[in-house]
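Work through the exercises below with the structure open. Each task is followed by its solution.

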Amino acid sequence: MSKTIAFIGLGNMGGPMSGNLVKAGHVVQGYDLSEAARRAAETQGVLTFQDLKEAVQGADAIITMLPNGPLVLDVWGQLAEIVPAGTILIDSSTIDVDSAIAAHELLTSKGCLTLDAPVSGGTGGAEAGSLTFMTGGSEAALQSGAPLLEPMAGRVVRCGSPGAGQAAKICNNMLLGISMIGACEAFALGEKLGLEHQALFDVISTSSGQCWSVNTNCPVPGPVPTSPANRAYQPGFAAALMLKDLRLAQQAALSRGAQTPLGAEAAQLYGMYDALDEKGSDFSGIISLLRGAADRASKPS
Ligand code: NAD
């Protein structure tokens, strides 16, 4: 059934996601601080507004897709003052677990239904409507929210109570960051040992080392033609976003007392790579940092 959905944050992800809601027959009222983002969303049939209050007027549901936790809390704090009880609010940004829980509380205390529903799948998944949504919130919120997510989703997974979607997202991305560094180390070592990229790929991708970082996003050019390595490491999933997620994982580990030594090391390495990388490269580009470190270590002083 057609609904009126307010969409706040029409950037690289929110733009195409809101467009898919329009294609599914919903009326979408969009709001973004950036005029360029509003103009781009209009070309996909989104009605845009220059004021948050006007954008959410008459909306059955509100979706936010914003850069970070403080911004989500700021926007949800403003929404808590204006939206009627019964409205469903979904935050699909990637933010820290504690801010996600605080955002739920701001709106459930006003009688609204709330979900944290971060996504995996990147801008390609946002355009194709094939994102995986990881949801946290009450069963009632999921019942109301899941049909709204469907036009943007390949899969909607219920992870648990408020904050559980963000928890699942940062656990997944911490593992992804660690596995990509492992994949890069394996290929960099293989190069030093004189192995062809294709030969090493043919072994790892069908053996016990197989993982998404090798089989789908292979960090060297050749074996997987669609991987960013074949287009000079143009993202894909930018290293800066991986760094953001690794830092969120470290923040969560610290606040809950979890031991994540490899996650901490991955955050350090991506911090170094992000500081050196001026092109906004895909996170698989970290292989250049690892090759460089090995080369420096082997040179006589
Ligand atoms: P983006 O920077 O392209 O878009 C964010 C948009 O929010 C911008 O257009 C900005 O103008 C707008 N904005 C900022 N503050 C605002 C406010 N107060 N009110 C209204 N609009 C505001 O970022 P993105 O790539 O679309 O990512 C959005 C979220 O999705 C982030 O949390 C990111 O970590 C997460 N994410 C991104 C990807 C990806 O591949 N890009 C993948 C998964 C998850």
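**Exercise 1: Place the ligand**

Locate the ligand relative to domain 1 (4-160) and domain 2 (167-298).

Both domains give residues to the shell around the ligand, so it lies between them. The domain bounds come from an automatic or database domain assignment. This is a predicted model: local features need pLDDT of at least 70, side-chain atom pairs need 80 or more, and totals for chains, interfaces and linings use all residues. Numbering starts from 1 along each chain as its sequence is written, and side-chain values use heavy atoms, without hydrogens or water.

**Exercise 2: Describe the shell**

How many residues surround the ligand, and which are the closest?

Start with the count: 23 residues (a heavy atom within 4 Å). The closest are Asn12, Met13, Asp32, Leu66 and Lys244. Next, the helices, which are DSSP runs of H or I with at least four residues, numbered from the N terminus. H4 (69-82), H6 (122-128) and H11 (239-256) each supply at least two shell residues.

**Exercise 3: List polar contacts**

Find ligand oxygen atoms paired with protein polar atoms (N or O pairs within 3.5 Å).

Take the backbone: an N or O atom of methionine 13 lies 2.8 Å from a ligand oxygen. For proline 67, a polar backbone atom is 3.5 Å from a ligand oxygen. Then the side chain: a polar atom of lysine 244 lies 2.8 Å from a ligand oxygen.

**Exercise 4: Inspect a loop**

Which peptide bond is cis?

The bond from proline 235 to glycine 236 is cis, with omega near 10°. Glycine 236 is in the loop between H10 (212-215) and H11. Alanine 232 is also placed in the loop between H10 and H11. Its phi is near 55°, a positive value in a residue other than glycine.

Note on methods: Polar contact = N/O pair within 3.5 Å; in protein donor to acceptor, adjacent residues only side chain to side chain.
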